[in-house]
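Welcome to this guided tour. Please open your viewer, and select each stop as we reach it.

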Amino acid sequence: MVKVERSFPAPESLAIGSQKHNGRYNCEDVVMQLIHDFHDKCYLCEISPLQDPQVEHLLPHKNGRYPKRKFDWNNLFWSCGHCNSMKNKAKYDDGIIDCCTADPEEIMSFDFKGKEVNIEAVEAEEPIVQRTVELLNEVYNNENTGMRKHNCALRVRALCEEMDVFYHTLEEYTRNRQDRVTVRSLKALLSRQSRFAAFKRYYIRNHSNSFPELLPLVDR
């Protein structure tokens, strides 16, 4: 989960849909703008490209009980079906952090060792941060049903593959820190647009003594 820059103005179809009894919040202009803003990544698990994309509400609209939330552009996020399903629980109804207004990397640590995913709050003890941490750990580690165990394992495998590429690129960089191709590759891998960016960026912060010159790539 990384910071996302939401673009404005809001898609026109949202204002039109809000005036209708059965108005839609997932028209083509909404979908295309979300794909662009979220780089076709799930805002929670960061897998991409999405095979089962959904337009997700940060705060639930409860089938019309909160109509303003349903068509609020600031409340719409690009999610995979797995994460949307995990978040669709009463304990998350009070909300998680909004990655379009807050920087998750300043609030949480994203550690990946071996095949273990561990996300923790850095300092903040606010309930909204704790809910976000709990949800993200569920997204990668939940095994309470066969399907969820499968979907979690799929994400961990994809994360492992991405980290292997990242570690290999770091090894090449260590051998020759002046190689322009490797430096460009690292910049791309560490950009917020890349898959599982939070884990790769956290690795650099956590190994700042080894790669101090790379910190500017993750501090922006």
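## A walk through the pockets and the chain

Begin with the second largest pocket, which is lined by Ile47, Ser48, Pro49, Leu50, Gln51, Asp52, Cys80, His82, Asn151, Leu154, Arg155 and Arg195. Keep in mind as you look that this is a predicted model. Select those residues together and show their side chains. By class, this lining splits into five nonpolar, four polar and three charged residues. The volume of the second largest pocket is about 160 Å³. Which helix gives the most to this lining? Helix H7, residues 146-175, does so with three residues.

**Stay with Ser48 and Pro49.** Both belong to the lining you have just selected. Zoom in on the bond that links them: the peptide bond from Ser48 to Pro49 is cis, with omega near -10 degrees. Pro49 sits in the loop between H2 and S1.

**Select Glu46.** Glu46 is also in the loop between H2 and S1. The phi angle of Glu46 is near 70 degrees, a positive value in a residue other than glycine. Is Glu46 buried or exposed? Its relative accessible area is 1%, and a residue under 20% counts as buried, so Glu46 is buried.

**Move on to the largest cavity.** Glu46 is one of the residues that line the largest cavity. To see the rest of that lining, add Val2, Val4, Phe38, His39, Lys41, Cys42, Tyr43, Cys99 and Arg192 to your selection. How much space lies in the largest cavity? The answer is about 60 Å³. This lining divides into six nonpolar, one polar and three charged residues. The count of cavities of 30 Å³ or more comes to one. If you wonder how such spaces are found, here is the idea: rolling a probe the size of a water molecule over the atoms shows where empty space is left.

**Now visit the largest pocket.** Select His57, Pro60, His61, Asn84 and Asn88, which lie nearest the centre of the largest pocket. In total, 16 residues line the largest pocket, and about 360 Å³ of space lies in it. Next, colour strand S1 (53-57) and helix H4 (81-87), since each of these elements supplies at least two residues of the lining. What classes of residue make up the lining of the largest pocket? There are five nonpolar, six polar and five charged residues.

**Go back towards the start of the chain.** Select Phe8 and Pro9, which are joined by a cis peptide bond with an omega of about 5 degrees. Pro9 is in the segment before H1.

**Follow the chain on to Gly23.** You will find Gly23 in the loop between helix H1 (12-17) and helix H2 (28-37). Gly23 has a relative accessible area of 7% and is therefore buried. Which residues touch Gly23, apart from its neighbours within four places in sequence? They are Gly17, Lys70 and Phe71. Try drawing a distance between the C-alpha atoms of Gly23 and Lys70: they are separated by 9.5 Å, while the two residues are 47 residues apart along the chain.

**Jump ahead to Phe196.** Phe196 lies in the loop between helix H8 (180-190) and helix H9 (197-206). Phe196 is not a glycine, yet it has a positive phi of about 50 degrees. Because its relative accessibility is 0%, Phe196 counts as buried.

**Finally, zoom out.** Switch to a cartoon view of the protein chain, where there are ten helices and four strands. Read along the sequence, they follow the pattern α-α-β-α-β-α-α-β-β-α-α-α-α-α. The C-alpha trace spans about 60 × 40 × 30 Å along its principal axes. A compact globule of 220 residues would have a radius of gyration near 17 Å, and the protein chain, with 18 Å, agrees with this.

Next, think about what is inside and what is outside. Of the 220 residues, 49% count as buried. The protein chain exposes about 11,600 Å², and carbon and sulfur atoms supply 49% of that area. What share of the contacts with a separation of 6 or more comes from residues 24 or more positions apart? In the protein chain, such residues account for 65%.

Conventions:
Residues numbered from 1 in each chain as written. Predicted model: local features only at pLDDT ≥ 70, side-chain atom pairs only at ≥ 80, totals over all residues. Heavy atoms only, no water. 1 Å grid on protein atoms, 1.4 Å probe; cavity = no way out; pocket = protein on both sides within 12 Å on 5 of 7 lines; lining within 4 Å. Points joined across faces, edges and corners; volume = space filled by probe spheres on them. Nonpolar A, V, L, I, M, F, W, Y, C, P; charged D, E, K, R; others polar. Rg over C-alpha atoms; globule rule 2.2 N^0.38 Å. Buried < 20%, exposed > 50% of the residue type's maximum accessible area, 1.4 Å probe, protein only. Contact = heavy atoms within 4.5 Å. Areas by Shrake-Rupley, 256 points an atom, 1.4 Å probe, with all protein chains shown as cover.
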